[in-house]
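Grab a viewer and work through these exercises at your own pace. Each one sets a task and then walks through a solution.

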Amino acid sequence: MTTKHTSPTPQDAEPKGDRLQKILAQAGIASRRKAEEIILEGRVKVNGTVVNTLGTRHDASRDHIRVDGKLLAGPEQQRYYMLNKPRGYVTTLDDPEKRPTVMQLMAKQKSGPHGDNVRLYPVGRLDYLSEGLLLMTNDGALANALSKAAAGVEKTYLVKVSGQPTPESVDQIRRGIMIDRGRLDEIRSGRRDRVITAPAQVELVRGGDNPWYQLTLTEGRNRQLRKMFEEIGHHVEKIRRIGYGALRLDVPPGEFRELTLGEVMALDRAAKGKKVVPKAKLPEFAQLKAPVKKTRSGKPRRQPTGGKAPRRA
């Protein structure tokens, strides 16, 4: 008796193409989660047929996909920007309290070879009172990879604290210190949920009654810097992020610029856990300004740094 072998039918073959919600997100229609809602509402047609179930796969280069009757133009080109977030902005797409958001800063006309208006999303967060380097992109895969704790991407901050921490307490932060997980006022199951932070690089960059430290972390827990210093009895007054992977902050507050191809490649390497080396010289906006002292006339005068004479206005 012979056994008859049959080839797999088209139904048995693995469906080709991308999931429909991914295609919509890549085209800039909405986030992937919002795209799922759009599909379930029956607002999407593929080749003239309404598709209102999740998980179907399609080929954006071959299929005619329409949302609310409008034909998709294809995937957005991926864009990558560095933004210098000022204090007083929230790192969200919109805010229920109507506070200004970083999206309003990115709404300005973009200069350079890609001066367009793609849908951008922040990578990670800086809280309302923090400032500094924030990545903005529509590359969801890279954003997710950078945000995963396992990647261990280095993030560098300048932090001003009230009072003078002892060398012993600063060493606690270097080694790793126990902090509350989640929000500052959050208690789970009737008890405080605690976690120990990863070792951090800490360097005093300016002494005084309210010293400045430079810290480099490889994780990004909720309000982590503030919690770390609160644990050793010191309130954080200011936070400025000056580095992300090999990037160093080099644009004025409220401004942004598009990243170079080399910078994007370096971010991709960092997301994969590979070593990246930033430039040795810090740009102007990644440095502390020289302290201001009053002259005998009572007018403020900025002290020179690095042995250079102060510039005249």
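**Exercise 1. A salt bridge and its surroundings**

Is Asp127 buried, partly exposed or exposed? Once you have that, find its partner and place both residues in the chain.

*Solution.* A word on the ground rules: this is a predicted model, where local features need pLDDT of at least 70, side-chain atom pairs count only at pLDDT 80 or more, and totals for chains, interfaces and linings use all residues. Residues are numbered from 1 along each chain as its sequence is written, and side-chain values use heavy atoms, with hydrogens and water left out.

Step 1: Asp127 has a relative accessible area of 22%, so it is partly exposed (buried means under 20%, exposed over 50%, partly exposed in between, with a 1.4 Å probe and protein chains only).

Step 2: the partner is Arg226, and the closest N and O atoms of this salt bridge are 3.0 Å apart (the cut-off is a side-chain nitrogen of Lys or Arg within 4 Å of a carboxyl oxygen of Asp or Glu).

Step 3: Arg226 sits in helix α6 and Asp127 in the loop between β8 (121–123) and β9 (131–137), so the bridge ties together parts 99 residues apart in sequence. Helices (H or I, at least four residues) and strands (E, at least two) are DSSP runs, numbered from the N terminus.

Step 4: Arg226 counts as buried, at 10% relative accessibility.

**Exercise 2. Two strand-to-strand bridges**

Which elements hold Lys160 and Glu237, and which hold Arg194 and Asp180?

*Solution.* Step 1: the side chains of Lys160 and Glu237 meet in a salt bridge at 3.8 Å, N to O. Lys160 belongs to strand β10 and Glu237 to strand β15, so parts 77 residues apart in sequence are tied together.

Step 2: check burial. Lys160 counts as buried at 19%, while Glu237 is partly exposed at 31%.

Step 3: Arg194 and Asp180 also form a salt bridge, at 2.9 Å, N to O. Arg194 is in strand β12 (residues 194–196) and Asp180 in strand β11 (residues 178–180), 14 residues apart.

Step 4: here Arg194 is partly exposed at 30% and Asp180 is buried at 14%.

Step 5: for the overall tally, the structure holds 18 salt bridges.

**Exercise 3. Ring against ring**

How many aromatic pairs does the structure hold, and what is the geometry of the one between Tyr81 and Phe256?

*Solution.* Step 1: there are 2 aromatic pairs (rings of Phe, Tyr and Trp, its six-membered ring, with centres within 6.5 Å; planes under 30 degrees apart are stacked, over 60 edge-to-face, the rest tilted).

Step 2: Tyr81 and Phe256 have ring centres 5.8 Å apart and planes at 90°, so they are edge-to-face. Tyr81 is in strand β7 (residues 80–85) and Phe256 in strand β17 (residues 256–258), so the pair ties together parts 175 residues apart in sequence.

Step 3: Tyr81 is buried at 1%, and Phe256 counts as buried at 15%.

Step 4: Tyr213 and Phe229 make a tilted pair, 6.0 Å centre to centre with 40° between the planes. Tyr213 is in strand β14 (residues 212–217) and Phe229 in helix α6, 16 residues apart.

Step 5: Tyr213 counts as buried at 7%, and so does Phe229 at 1%.
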